[in-house]
Amino acid sequence: MDGARLSPQLLLRPRGLGTFLGVFVPCTCTIFGVVVFLRLGFVVGQAGLYCALLIVLASYAICLLTTLSLCALIADGDDRHRRGSVSDTGSPAKDPGVYAALRQAVGTPLGGALGLAFYLAFTVDVAFYIIGFAEMFSRAADVSSSIQIFPWNPPGSWVDTAVASAALALLALVCACGVHVSARVSLLTLCVICACILASLACLLFPTDDALSGHTQFSLTTLANNSAPALEDFDGRGLSLMKMFTLTFPGFTGVLAGSNLSANLRTPTRSIAAGTLASLLFVLVTYAAICFVLAASVDRPVLKDPRVM
């Protein structure tokens with residue numbers, strides 16, 4: 001409006017991502033990964049439905065405690081924190097991000113060390129997901145090679161490495177376009193992931209003409225057979241419920257993904273807490289539903305096969 005004077009409150013009004021797009025979507029996208037598509041069925045087959053649900057619940061409880069600690073750390077943050085914004089007293093508003101909170105809580109030297117540890121953890125996390133994607137993409141496309149990039153650390157053919165490198169370059173390009181573009185790409189990715197999960201569960205609940213597939217559709221008999229643990233060693237290293245937990249727990253990591261965008265959120269303090277807790281609850285319900293449907297519709301020998309997705 002020409003000639004109109006804007007109030008300081010309007011000038012300092014935060015403009016950025018909301019709770020859903022800025023926290024819930026990146027957290028859920030980061031949590032959903034290799035485990036939900038490649039390992040959860042194996043865990044149900046080995047540990048049984050009851051123990052699988054307990055493992056999922058224990059993983060959720062650990063991540064919930066981490067999330068509550070994160071919420072406590074950022075509780076002193078200021079939702080008016082934006083680049084160049086100030087508080088009512090004229091001093092810069094507090095950064096509500098997790099890194100700033102750690103720095104204020106433990107000091108700059110230790111906070112920097114923890115920030116470096118977070119950086120390395122996210123780097124390894126990205127590599128973990130990309131390698132899993134490359135292996136499944138190569139298998140689905142029926143493209144393979146016996147030539148190993150690192151012969152002393154197989155498997156890792158040049159095909160898997162090329163696919164993983166291309167995926168990493170594409171992700172880097174999306175991130176270079178800005179946080180708003182990457183947030184919308186994350187939303188599209190989450191929609192695709194949820195559609196794949198829903199389609200897979202629906203297909204498992206319907207009958208099939210393939211008697212060798214091991215899919216029995218929904219059956220109380222199958223559910224009873226898959227309820228108790230039946231650990232069976234398949235690689236000579238032995239199996240235990242603790243190993244099943246180590247396979248499942250990475251499927252709940254990624255709760256810090258939303259806090260990484262604190263500088264781009266409209267109300268960081270409230271959005272990080274609400275979005276992260278909502279994401280964890282959504283993932284818990286999804287994992288429990290997947291475990292139940294798998295246990296009620298797939299024979300145990302098929303679930304135990306680590307080569308079956």
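Read along the sequence, the protein chain runs α-α-α-α-α-α-α-α-α-α-α. That pattern holds 11 helices and zero strands. The model is a predicted one. The protein chain has 309 residues, and 41% of them count as buried.

Start with a helix pair. Two packed helices are described by the angle between their axes and the distance between the axes. Here the pair is α3, residues 34-73, and α10, residues 268-297. Their axes lie 9 Å apart, at an angle of about 170°. Angles over 145 degrees count as roughly antiparallel, so α3 is roughly antiparallel to α10. The contact of α3 with α10 is made of 26 nonpolar residues, three polar ones and no charged ones.

Next come contacts in space between residues that are far apart in sequence. P26 sits in helix α2, which covers residues 19-31. P26 has a relative accessible area of 12%. The cut-off for buried is under 20%, so P26 is buried. Along the chain, P26 and T276 are 250 residues apart. In space, their C-alpha atoms are separated by 9.4 Å.

I197 offers another case. This residue belongs to helix α7, which spans 179-205. Its relative accessibility is 9%, so I197 also counts as buried. F37 lies 160 residues away from I197 along the chain. The C-alpha atoms of I197 and F37 are nevertheless separated by 8.5 Å.

A263 gives a further pair, this time from a loop. A263 is placed between α9, residues 241-248, and α10. Its relative accessible area is 26%. That value is between the limits of 20% and 50%, so A263 is partly exposed. In sequence, A263 and G16 are 247 residues apart. Their C-alpha atoms are 8.4 Å apart in space.

Now turn to the loop between α7 and α8. Two of its residues are described here, Q217 and F218. Helix α8 itself covers 220-225. Begin with the backbone of Q217. Most residues other than glycine have a negative phi. Phi of Q217 is near 55°, a positive value in a residue other than glycine. Q217 has 30% relative accessibility and counts as partly exposed.

F218 has a relative accessible area of 41%, and it is partly exposed. What kind of surface patch does F218 form with L205, F206, L220 and F292? The patch is nonpolar. Together, L205, F206, F218, L220 and F292 have about 510 Å² of accessible area. Residues enter a patch only with over 30% relative accessible area, so F218, at 41%, clears that limit.

A second positive phi appears in another loop. D142 lies between α5, residues 108-140, and α6, residues 158-176. Phi of D142 is near 55°, again positive in a residue other than glycine. Is D142 buried or exposed? Its relative accessibility is 69%. The cut-off for exposed is over 50%, so D142 counts as exposed.

Conventions. Residues are numbered from 1 along each chain as its sequence is written. This is a predicted model: local features need pLDDT of at least 70, side-chain atom pairs count only at pLDDT 80 or more; totals for chains, interfaces and linings use all residues. Side-chain values use heavy atoms; hydrogens and water are left out. Patches are made of residues with over 30% relative accessible area and no salt bridge: like charges are joined within 9 Å, nonpolar side chains (Val, Leu, Ile, Met, Phe, Trp, Tyr) within 5 Å. Accessible areas come from the Shrake-Rupley method with a 1.4 Å probe; for residues, only the protein chains shown count as cover. A salt bridge is a side-chain nitrogen of Lys or Arg within 4 Å of a carboxyl oxygen of Asp or Glu. Helices (H or I, at least four residues) and strands (E, at least two) are DSSP runs, numbered from the N terminus. Buried means under 20% relative accessible area, exposed over 50%, partly exposed in between (1.4 Å probe, protein chains only). Axes are lines fitted to C-alpha atoms, for helices over the stretch in contact, and angles run from 0 to 180 degrees between N-to-C directions. Angles under 35 degrees count as roughly parallel, over 145 as roughly antiparallel, 65 to 115 as roughly perpendicular and the rest as oblique. Ala, Val, Leu, Ile, Met, Phe, Trp, Tyr, Cys and Pro count as nonpolar, Asp, Glu, Lys and Arg as charged, and the others, Gly among them, as polar.
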